[in-house]
Amino acid sequence: AKQAGKNRYRFYDEQMNRTQTRKMELEKDMRKALVHEEFKIVYQPKWDSRTDRLVGMEALLRWQHPRLGMISPAEFIPISEDTGLIVPITRWMIQEVCCQNKHWHDSNEMKVSISVNMSIRVFESQLLYEMVEQALNVSKLEGEHLELEITESIAMSDVANTIEQLIALRGLGVKVSLDDFGTGYSSLGSLDQLPVDTLKIDQGFIRNSDQRSKQAIISNIIAIAQNLDLDVVAEGVETQEQIQFLRSKGCSIMQGYYYGKPMSSADMSRWFEAKQL
Ligand code: C2E
Ligand code: CA
Ligand code: CA
Ligand code: CA
């Protein structure tokens, strides 16, 4: 039994070592990934199921590693936050998204706003305003066609500073969404003071929306949004049942695999064209 315990320890040790080694490797490679153009942006549609219209997109990051293949943001974003690389990565991302969206607007292909996810590190850097201003200037995109997605925990970590930065950003016309709403430390107390336009219902609630308890939470989030005059988007929508339930509660804007997975800009154009036929 003692031997088995020892082996188990060794197993955990090796496991931990592998995880640690991979993390260090990714950390090292990430420094070159931006200049080597290994980051890709994919776009996922936000669809209004009532008017049957495209109303927005979310831009999501991908890392195409030369040896390790596609790496999920769930793995590399935390590392980029530890190293601070998230700041130049986000700067690049906002720039790319604004230019792509300006192209879609000018070509009359799709005229919606595109959202970009914000890490708390970017807020702490105090560089966000300057990044957004520069991206809008360079791309000539209207500020209202750029949206920032922030989580409740970012909004709540330093409420006064967050509000200050968001007010300045909204001065540029930029829109703000509260992401993963309902999962973080409740921001209910300060929600009416937060300068936000949209609540995004976390996909965890949608995934289990056959449960009475989750249905109650979803209905309440939609009611809160309606009362505060905010838009509401349901995330992770995969089934017709989920759509029916959400619509019966007054939420019509959906994002999820049911409508479209995150796709490259070229695939997004094709996807939308096919929708028009
Ligand atoms: P998130 O912001 O909550 O993004 C939604 C995630 O749900 C995306 O995963 C998306 O692909 C996935 N998703 C969308 N619809 C469905 C569905 O119907 N079913 C299922 N099962 N999943 C769906 P992804 O792209 O892997 O991103 C994971 C997380 O990584 C994001 O969660 C976000 O927190 C973070 N992330 C992604 N891109 C960026 C970025 O550019 N900057 C920052 N700071 N974080 C990012
Ligand atoms: Ca998001
Ligand atoms: Ca989310
Ligand atoms: Ca999430």
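## Salt bridges

A salt bridge is a side-chain nitrogen of Lys or Arg within 4 Å of a carboxyl oxygen of Asp or Glu. Lys200 and Glu149 form such a pair, with 2.8 Å between the closest N and O atoms. Lys200 belongs to strand β7 (residues 198-201) and Glu149 to strand β5, so the pair ties together parts that are 51 residues apart in sequence. The structure is a predicted model, and a search of the whole of it finds 15 salt bridges.

Both partners of this pair are on the buried side of the cut-off. Lys200 has a relative accessibility of 0% and therefore counts as buried; Glu149, at 1%, also counts as buried. The cut-off for buried is under 20% relative accessible area.

## A linked charged network

Glu147 forms a salt bridge with Lys46, and here the closest N and O atoms are 3.7 Å apart. Glu147 is in strand β5 (residues 146-151) and Lys46 is in strand β1, so this pair ties together parts that are 101 residues apart in sequence. Glu147 counts as buried because its relative accessibility is 9%, and Lys46 counts as buried because its value is 5%.

These residues belong to a network of salt bridges that links Lys46, Glu58, Glu147, Glu149, Lys200 and Glu235. Two of the members turn up again below: Glu235 coordinates the calcium ion (ligand 3), and Glu58 is among the residues closest to the centre of the largest pocket.

## A helix-to-helix pair

Asp82 forms a salt bridge with Lys23, with the closest N and O atoms 3.4 Å apart. Asp82 lies in helix α2 (residues 73-83) and Lys23 in helix α1 (residues 2-33), so the pair ties together parts that are 59 residues apart in sequence.

Asp82 counts as exposed because its relative accessibility is 56%. Lys23 is partly exposed, with a relative accessible area of 30%.

## Calcium sites

The calcium ion (ligand 3) is coordinated by OD atoms of Asp179 and Asp180 and by two OE entries from Glu235, at 2.2 to 2.7 Å. Along the chain, the donors of this ion follow the spacing D-D-x54-E. The calcium ion (ligand 4) is coordinated by Asp180, which is listed twice through OD, at 2.9 to 3.2 Å.

Which residues bridge the calcium ions? Asp180 bridges the calcium ion (ligand 4) and the calcium ion (ligand 3), which lie 3.9 Å apart. Asp179 bridges the calcium ion (ligand 3) and the calcium ion (ligand 2), which lie 3.9 Å apart. Asp180 lies in strand β6 (residues 175-181). Asp179 is buried, with a relative accessible area of 6%, whereas Asp180, at 25% relative accessibility, counts as partly exposed.

## The largest pocket

The largest pocket holds about 970 Å³ of space. It is lined by 38 residues, of which Glu58, Leu60, Pro73, Asn117 and Asp179 are the closest to its centre. Asp179 is also a donor to the calcium ion (ligand 3).

Several elements contribute to the lining: β2, α2, α3, β4 (113-117), β5, α6 (152-157) and β6 each supply at least two residues. The largest share, five residues, comes from β2.

## The nonpolar core

In soluble globular proteins, nonpolar side chains tend to be buried together. The largest nonpolar core in this model has 75 residues, and Ile94, Leu128 and Leu246 touch the most other members. Helix α3 (residues 86-106) provides the largest share of this core, eight residues.

What is Leu128 in contact with, leaving aside its neighbours within four places in sequence? The residues are Ile94, Met118, Val122, Phe123, Leu148, Gln165 and Leu169. One of these, Ile94, is itself among the three core residues that touch the most other members.

## A buried loop residue

Ser49 lies in the loop between β1 (39-48) and β2 (53-65). Is Ser49 buried or exposed? Its relative accessibility is 10%, so Ser49 counts as buried.

Leaving aside neighbours within four places in sequence, Ser49 is in contact with Ile243, Arg247, Ser252, Met254 and Tyr259.

Terms used:
Residues are numbered from 1 along each chain as its sequence is written. Chains are lettered from A and ligands numbered from 1 in the order in which they are written. This is a predicted model: local features need pLDDT of at least 70, side-chain atom pairs count only at pLDDT 80 or more; totals for chains, interfaces and linings use all residues. Side-chain values use heavy atoms; hydrogens and water are left out. Donors are N, O and S atoms within 2.8 Å of the metal (3.2 Å for Na, K and Ca); water is not among the atoms, so sites may look incomplete. Helices (H or I, at least four residues) and strands (E, at least two) are DSSP runs, numbered from the N terminus. A nonpolar core is a set of buried Ala, Val, Leu, Ile, Met, Phe, Trp, Tyr and Cys residues joined through side-chain atoms within 4.5 Å. Buried means under 20% relative accessible area, exposed over 50%, partly exposed in between (1.4 Å probe, protein chains only). Contact means heavy atoms within 4.5 Å. On a 1 Å grid over the protein atoms alone, a cavity is a set of points where a 1.4 Å probe fits but cannot get out, and a pocket is an open set with protein on both sides within 12 Å along at least five of seven lines; lining residues have an atom within 4 Å of a point. Grid points are joined across faces, edges and corners, and a volume is the space filled by probe spheres set on the points.
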